Amino acid sequence: MKRIDIEYTLSMDEYSEVQIYHMMRRSNIVKFSVALFFIGIIMIVSGMLTDAGINGSWLLAVFPIPYIIYIYFKMKNITVRMYKSDIKTWKIRFTDDGIGINGGKKGEIEDMPWSCIVNKWNTKKYIFLFLSKKVFIPIPKRSMTDEQIQFVLEKAQKNNHILTKGKGV
């Protein structure tokens, strides 16, 4: 039986990066802002082509940019406060049968079968393994070899209930 033990600590910057990525990807704020931007651009172009002018339609194109910046810094502020009380140091054991986690003050969790992973995201820097819609384990790829990353991704993918739209970037 194959066994992989990894241990890592998330720095404040990594923790913020993980949480902001999760919040932005889960929310519709970015999608709404991009849609609003393109509607504004379309209204500006159509106003210029029909000689109707651009009036207030420029606001639709400009508003999303500072709004997304505001949301980003607001989320950054929230994650800095969350960092103090959340799990920073993780010890994870991957086996053919499942996952064992030790990530908090309450001690080790018994091995969970791979079927407990309901979703995964594979990004450039992290693997997110979701135990529920909002509970996830962020695993930095820097803490694993390529072979270990492949093992975890293959084991997590074998669960037929994993959503296919959660592929990551």
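In the predicted model, Phe 128 of strand 6 stands opposite Pro 138 in strand 7. The two strands run antiparallel and are joined by five bridges, strand 7 comprising residues 136-140. The connection from strand 6 to strand 7 is a hairpin that passes through five residues.

Strand 6 also pairs with strand 5, again in the antiparallel sense, over four bridges. Within this pairing, Asn 122 is placed opposite Ile 127 of strand 6. A hairpin of three residues leads from strand 5 to strand 6. Strand 6 thus has strand 5 as one pairing partner and strand 7 as another.

The environment of strand 6 was examined through the accessibility of its residues. Tyr 126, Phe 128 and Phe 130 are buried on one side of the strand, and Ile 127 and Leu 129 are buried on the other, which leaves both faces covered. Because five of its five residues are buried, strand 6 is largely enclosed by the rest of the structure.

Salt bridges were considered next. Side chains of opposite charge can pair when their charged atoms come close. The whole structure contains five salt bridges, among them the pair formed by the side chains of Lys 125 and Glu 17, with an N to O distance of 3.2 Å. Lys 125 is located in the loop between strand 5 (119-122) and strand 6 (126-130), whereas Glu 17 belongs to helix 1 (residues 12-26); the pair therefore ties together parts that lie 108 residues apart in sequence. Both partners are partly exposed, Lys 125 at 47% relative accessibility and Glu 17 at 32%.

A further salt bridge connects the side chains of Lys 2 and Glu 147, at 3.1 Å from N to O. This pair links distant parts of the chain, 145 residues apart: Lys 2 is in the segment before strand 1 (3-9), and Glu 147 is in helix 5 (residues 146-157). The relative accessible area of Lys 2 is 31%, so this residue is classed as partly exposed. Glu 147, by contrast, counts as exposed, because its relative accessibility is 58% and the threshold for that class is over 50%.

Helix 5 also takes part in a salt bridge through Lys 155, whose partner is Asp 96; the closest N and O atoms of this pair are 3.8 Å apart. Here too, distant parts of the chain are linked, since Asp 96 lies in the loop between strand 2 (89-95) and strand 3 (98-102), 59 residues from Lys 155. The two residues fall into separate accessibility classes: Asp 96 is partly exposed, with a relative accessible area of 30%, while Lys 155 has a value of 18% and is therefore buried, the limit for that class being under 20%.

The surface was also searched for nonpolar patches. Met 48, Ile 54, Trp 58, Leu 59 and Val 62 together make a nonpolar surface patch of about 470 Å². Helix 3, spanning residues 58-62, gives the most to this patch, with three residues. Trp 58 lies in this helix and has a relative accessible area of 41%, so it is classed as partly exposed. Trp 58 can belong to the patch because the residues that form patches must have over 30% relative accessible area, a condition that its 41% satisfies.

Key: Residues numbered from 1 in each chain as written. Predicted model: local features only at pLDDT ≥ 70, side-chain atom pairs only at ≥ 80, totals over all residues. Heavy atoms only, no water. Patch = residues over 30% accessible without salt bridge, like charges linked within 9 Å, V, L, I, M, F, W, Y side chains within 5 Å. Areas by Shrake-Rupley, 256 points an atom, 1.4 Å probe, with all protein chains shown as cover. Salt bridge = Lys/Arg side-chain N within 4 Å of Asp/Glu carboxyl O. Buried < 20%, exposed > 50% of the residue type's maximum accessible area, 1.4 Å probe, protein only. Pairing = 2+ DSSP bridges.
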